[in-house]
Structure formats: C-alpha cells, structure tokens
Amino acid sequence: MTATEGQLAHRQLVEYLAESGALSAEWRPVFEAVPRAEFIPETVWVESDRGALLPLRRAEDPRRWLELAYADDAVITQVDDGQPAAEGTGRRISSSASMPTVVAQMLAHCAAQPGQRVLEIGTGTGYNAALLAQRLGAGNVVTIEIDPELAQTARHALKTAGYDAVTVVTGDGAQGYPPAAPFDEVLSTAAVQQVPYDWVEQTRPGGLVLTPWGTDYYNGGLLALSVTEEHTAVGTIIDKASFMTLRQQRFTEPRLTLTAEDDAHAVCSFTDIHPAEIANGYIAFDACIALAIRVPQCAMSYAPPELDADGEGILWLVDARSGSWARLHHHPDRDGPYHVLQSGSRNLWDEVHSSYHWWLDAGRPTADRWRFTITPEGQHIQLLDSVRHPVSFTELR
Ligand SMILES: C[S@@+](CC[C@H](N)C(=O)[O-])C[C@H]1O[C@@H](n2cnc3c(N)ncnc32)[C@H](O)[C@@H]1O
C-alpha cells in the first residue's frame, strides 16, 4: 500500500459522497481536507459469515484495512467495551467510525458556522471531531468520550492530524461538559432513547441539540431540537440516522432461548400485515417511528427471506424483562395471511398490530409530525395537530 493508493481511495470516497448527494457543497472541502484513514486504528474488527466479530490488523492485511478505511461503511473499532468476551472474538460492537454517508448527512444538519462552538458526544476515532474542527476551527470543538482508551487514541490522532486545539474530554457525555458551556450546538454521535437535559442546559438559547434517537423497537431517527429562552428544547425528527447508543441507554437485545415446547404453548393467529410494513426503516420509516414511540420496551428484529437459510422472513418482537415474545413468518412466494405466534404476559403482536392500525387511521403521520419537548422533568413526545387522534407520551427522568 502506498500513500498514493490512500490518497486515491480518499478522493474516490469524497467523489462518491458528493455524487450520491450525501455531501453538501459547504462540507465537501472539509471532507477533502481530512483523510479518514488517519483516524482508523491499526486493529479494526470485521464480522464473519457466522456473525462473530474478528480482529483485522493493518500490518497483516494492509490492503483490506485501507479498503475498510475508505469504504462507505462503518468501521468497527472496539468490541465489548474494549474487553472482548472470548480471546480474539467480539460479541457486541461498542465503538465504530460511523458510515461516511451517515456522517455527511448528519453534518449537513449541523447549524454551527465557522467560529461557533460545538460539543460532540462520542469521540470514537476522532474523525467527526476533525471534520468539525476543520470547518469551525479546532479551538471551537470539545468532544467527550466515555472510554478512556478510545479518548486517548483519538486525542493522539487529532494531534497528529494537526487538530491539537480540539479539547478531548474523557467522561460521561450524557452530562455534557459544563466547564466549557454554553455551546452553540450539542451534536451527539451516539443515539439516545431519552435526550439528557444537561445537553439542553449547556446550549445557548437559539442553539441546537442534534442527536440520533430511537427505542428498543426502532433506532433510526435524527432529532433536531431548538433551545428556547426558557431553557427547554423543542423539535422533531428531521432525517434518518442509525447510531449505536450511549452506554447507559443501550437497547435491550432481542435474545430469548426458546424450545419447541414454547412454540407449542404460544397463541397462534394470522395477519395480513407484511413485516416489512412495520419493520423496514428504509421503506416504512414513518410507521417505524410511530411504533417506536407507541410500543415501549419491545425489541424488534426482522430478517428478510434473503438472509434466512430456509428462505423464510422472520419478524421477532421481544420484551426480555417479562419474557414475552411474538414471531411472524412469511415466505417470499406466498402472499398473506402470515402466521403469528405470541406468548407471555404481554401480547406484543396485538400491541404492535393495534398501534399500526392507529397510525393508519391517523392518516399515516410522518416522522416530523412528532414534537419532542425536553424539560428538566423529562422528555415529552406529542403528535402535532392530533385533534382527531390525540396522543402524547411523557417519560420522566
Ligand atoms: C458511533 S461512535 C462515534 C463515532 C465518532 N464520532 C467518530 O467519528 O469516530 C459512538 C461513541 O460513543 C461513545 N459513548 C457511548 N456512551 C457514551 C457516553 N455516555 N459518553 C461519551 N461517549 C459515549 C462510544 O464509546 C463510542 O465511541
């Protein structure tokens, strides 16, 4: 691998992002100035066919490493909070350099202008902080990372790349960083289920809190909140954005070990709802956001038929706390009705089914019709103009 190969790969990635429309004209020179590879650690992790996470060392496979550094994909940079469960194999992704398209799309919504001050939550590799530094001025960027090793590696990479004036804090980003507040913007690169009020408190009135948002059911909205003179924040979901969560707000994993006997005792029914209508965030984003808001503590996962060895699509709904579950099967060659099984103290399928019908009856409200309000008391979500279908949710901290 030569420097020229790296430069070429960097140019190709920027070109690709610009052509796809993800990269705006004002951010293009910024992406051109910051080579992503300079922030990718020597060891990254790749997913094997069997779903295990395996290390890939630059020294052992420099070509593959470079491909990953400039692919339009997330690069896994840490597993299991830095302590892989088994020797050399990871189970859960705990840090990554986010997918460049997602980084560019999120930065396009960043309202901060050169000279304004931003607090980034989730330093990770430091790449996004470097992009912010290149545009706003390095001294205007504070970034906070909970993992001391990641923070130290990012500090070093930022320094090497010439952005040593960026302040890299090791700490819990959910609490913001009061010593450097107020900020013009708080931009989180880790998703939340509940927006921490500290972010609102540390943003000047008129400033913005920009964060990926999701729940156990669906993680994939980008929330933009304006901070008011009264120090509350109000806003809506303005785009798609799927990020890992803050450590203390992790989603419940939809894992249950079931036996044939569990299936035999489950309640069986049929539905005409195709799982993609309620589970595929690309084609059913608005429905997924509504279900994420309306069906609490319900982890959803959907494997379409092309990913299944038997060619069958399977939707899972799981509430691991109560042990309740539901499963829907469908075959690509057969139209509905589809077979549903559900079991436990919660009838998860019934909950999803009725919330989906509520959403259809309400006129399929789009994701940007949900208003989020963040106050010291907590997060309040309300459907705008919902005279016919009044609905609102308050989650207190
Ligand atoms: C998707 S990665 C961020 C990517 C990063 N901005 C980059 O450019 O590489 C999310 C990061 O958030 C960090 N994180 C999780 N919980 C956190 C918390 N409470 N405070 C600060 N950082 C946190 C994770 O350790 C992880 O590094």
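User: Why does Tyr218 count as buried or exposed in this structure?

Analyst: In this predicted model, Tyr218 has a relative accessibility of 12%; buried means under 20%, so Tyr218 counts as buried.

User: What makes Phe285 buried or exposed?

Analyst: Phe285 has a relative accessible area of 12%, and since the cut-off for buried is under 20%, Phe285 is buried.

User: How many aromatic pairs does the structure hold, and why is the pair of Tyr218 and Phe285 called edge-to-face?

Analyst: There are seven aromatic pairs. In one of them, the ring centres of Tyr218 and Phe285 are 6.2 Å apart, with the planes at 75 degrees; centres within 6.5 Å make a pair and planes over 60 degrees apart count as edge-to-face, so this pair is edge-to-face.

User: Which parts does the pair of Tyr218 and Phe285 tie together?

Analyst: Tyr218 belongs to the loop between β9 (203-214) and β10 (219-227), whereas Phe285 belongs to helix α10 (residues 285-294), so the pair ties together parts that are 67 residues apart in sequence.

User: Why is the pair of Tyr356 and Trp359 called stacked?

Analyst: Their ring centres lie 5.9 Å apart and their planes meet at 20 degrees; as planes under 30 degrees apart count as stacked, the pair is stacked. Both residues lie in helix α11 (residues 348-361), three residues apart, about one turn of the helix, and both Tyr356 and Trp359 are buried.

User: How do you know that the charged end of Arg58 sits over the ring of Trp65?

Analyst: The charged end of Arg58 is 3.8 Å from the centre of the Trp65 ring, set against a distance cut-off of within 6 Å, alongside a limit of within 35 degrees of the ring normal; the charged end is listed as sitting over that ring.

Methods:
Residues numbered from 1 in each chain as written. Predicted model: local features only at pLDDT ≥ 70, side-chain atom pairs only at ≥ 80, totals over all residues. Heavy atoms only, no water. Phe/Tyr/Trp six-rings, centres within 6.5 Å; stacked < 30°, edge-to-face > 60°. Helix = DSSP H or I, 4+ residues; strand = E, 2+ residues; numbered from the N terminus. Buried < 20%, exposed > 50% of the residue type's maximum accessible area, 1.4 Å probe, protein only.
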